[in-house]
Amino acid sequence: MRVVFLGAPGVGKGTQADRLAVQYQVAKISTGDLLREAVRNRTALGLAAKSYMDQGSLVPDSVVIGLVREKLADPSCVNGFILDGFPRTVPQAEALGTVLVAKGIALDRVVNFQVSREDVVRRLSGRRSCQKCQATFHVDFAPSKMDGVCDRCGEPLVQRSDDRREAIETRLKVYDEQTAPLVRYYDERRLLFPMDASAGVDAVFQHLSQELAQYRAI
Ligand code: AP5
């Protein structure tokens, strides 16, 4: 299974990628998670990326393309991978195509998650994340058992700095201008699968699993 998860911020890409990666034993490559890890570890890459991320802008293509190229070479990707949040620009999509051709492989599907703008804002503004294990919750739709505490590792939950209202607005604008053109890009290549992601997490997962079952490795 080699798939890309496309869609506006907050549509539920990461939530579904986590579940699918476990169920199908494939690697999840989330550029957002990789960049946040670099920021936490104060690496040179993290320090360079932080200001873009806090504002809701995209990190330069050359940085994320390098990150993904490195991850795709990892043995954990041999059964397949889910690219969550990459590509996000046409140059990133072209670079991904070049990397895959060099490896002699191709994408199976690009899932385009779709949710109304109103729901996206509600999902983002109520999201709470664990800084340690990256687990994601929602104050209304997926609350943790104990308020403000991660169910998985017991660490405090925080609101992402880019889930503030001004940053959300910038992220949605950036999505419309720079990422939405990928819908057409992948549709022209007959890879696009439009996915209504407005239902609850379980219902969306069931629909997604049905569509992707044909691509499982075993
Ligand atoms: P990234 O982390 O990729 O952020 P994003 O694409 O904006 O996506 P999100 O993580 O915000 O949302 P999601 O769709 O994964 O939703 P989630 O499942 O969490 O990127 C962050 C930043 O990094 C970017 O702004 C940029 O600066 C940089 N970056 C990353 N990749 C880059 C790239 N390729 N190029 C350049 N820069 C890059 O769900 C959201 C909430 O909704 C959660 O609380 C969840 O519990 C809840 N929820 C999920 N599904 C449902 C449902 N079905 N019903 C109800 N609630 C739900």
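In this predicted model, 33 residues surround the ligand, and the closest of them are Thr-15, Ser-57, Arg-88, Arg-127 and Arg-171. The protein also contains an open sheet of five strands with parallel pairing and an open sheet of three strands with antiparallel pairing. The points below take up the ligand, then each sheet, and lastly a pair of helices.

**The ligand and its surroundings**

- Three side chains may be examined for their polar atoms. Arg-171 places a polar side-chain atom 2.5 Å from an oxygen atom of the ligand.
- For Arg-127, the distance from a polar side-chain atom to an oxygen atom of the ligand is 2.6 Å.
- Lys-13 has a polar side-chain atom 2.9 Å from an oxygen atom of the ligand.
- The ligand taken alone exposes 1,000 Å², and the protein buries 96% of that area.
- Four elements give two or more residues to the shell around the ligand: helix 1 (13–24), helix 2 (31–40), helix 6 (117–125) and strand 6 (136–138).
- Helix 2 contributes the most to this shell, with four residues.
- By residue class, the shell consists of 13 nonpolar, 12 polar and eight charged residues.

**The parallel sheet**

- General background: the strands of a sheet pair through backbone hydrogen bonds, in either a parallel or an antiparallel sense.
- The five strands of the open parallel sheet follow the order 2-3-1-4-8.
- At the edges stand strand 2 (27–30) and strand 8 (192–196), each of which pairs on one side only.
- On average, neighbouring strands of this sheet are turned by 20 degrees against each other, with direction ignored.
- Four bridges connect strand 1 (residues 2–6) with strand 3 (residues 81–84), and this pairing is parallel.
- Within strand 3, Ile-82 is the residue that stands opposite Val-3.
- Helix 8 packs on this sheet and touches strand 1, strand 4 (109–114) and strand 8. The direction of helix 8 makes about 130 degrees with that of strand 8.

**The antiparallel sheet**

- Three strands in the order 6-5-7 make up the open antiparallel sheet.
- Strand 6 and strand 7 (157–158) are the edge strands; each has a single partner strand, so one side of each lacks a neighbour in the sheet.
- Strand 5 (residues 127–130) runs antiparallel to strand 6, and three bridges join the two.
- Arg-128 has Phe-137 in strand 6 as its bridge partner, while Ser-129 stands opposite Thr-136 in strand 6.
- Helix 6 packs on this sheet by touching strand 5 and strand 6, and its direction makes about 40 degrees with that of strand 5.
- Strand 5 and strand 6 form a hairpin, with five residues between them. In the turn, Gln-134 has a positive phi of about 75 degrees.
- Two bridges link strand 5 to strand 7, again in the antiparallel sense. Leu-157 in strand 7 is the bridge partner of Cys-130.

**Helix 7 and helix 8**

- The axes of helix 7 (residues 165–179) and helix 8 (residues 181–188) come within 6 Å and cross at roughly 35 degrees.
- From helix 7, Tyr-175, Asp-176, Glu-177, Gln-178 and Thr-179 take part in the contact, and they meet Pro-181, Leu-182 and Val-183 of helix 8.
- The residues of this contact divide into four nonpolar, two polar and two charged.

Technical notes:
Residues are numbered from 1 along each chain as its sequence is written. This is a predicted model: local features need pLDDT of at least 70, side-chain atom pairs count only at pLDDT 80 or more; totals for chains, interfaces and linings use all residues. Side-chain values use heavy atoms; hydrogens and water are left out. A residue is near a molecule or strand if one of its heavy atoms lies within 4 Å of it. A polar contact is a pair of N or O atoms within 3.5 Å; within protein, one must be able to donate a hydrogen and the other to accept it, and residues adjacent in sequence count only if both atoms are side-chain atoms. Accessible areas come from the Shrake-Rupley method with a 1.4 Å probe; for residues, only the protein chains shown count as cover. Ala, Val, Leu, Ile, Met, Phe, Trp, Tyr, Cys and Pro count as nonpolar, Asp, Glu, Lys and Arg as charged, and the others, Gly among them, as polar. Axes are lines fitted to C-alpha atoms, for helices over the stretch in contact, and angles run from 0 to 180 degrees between N-to-C directions. Contact means heavy atoms within 4.5 Å. Two strands pair if DSSP finds at least two bridges between them.
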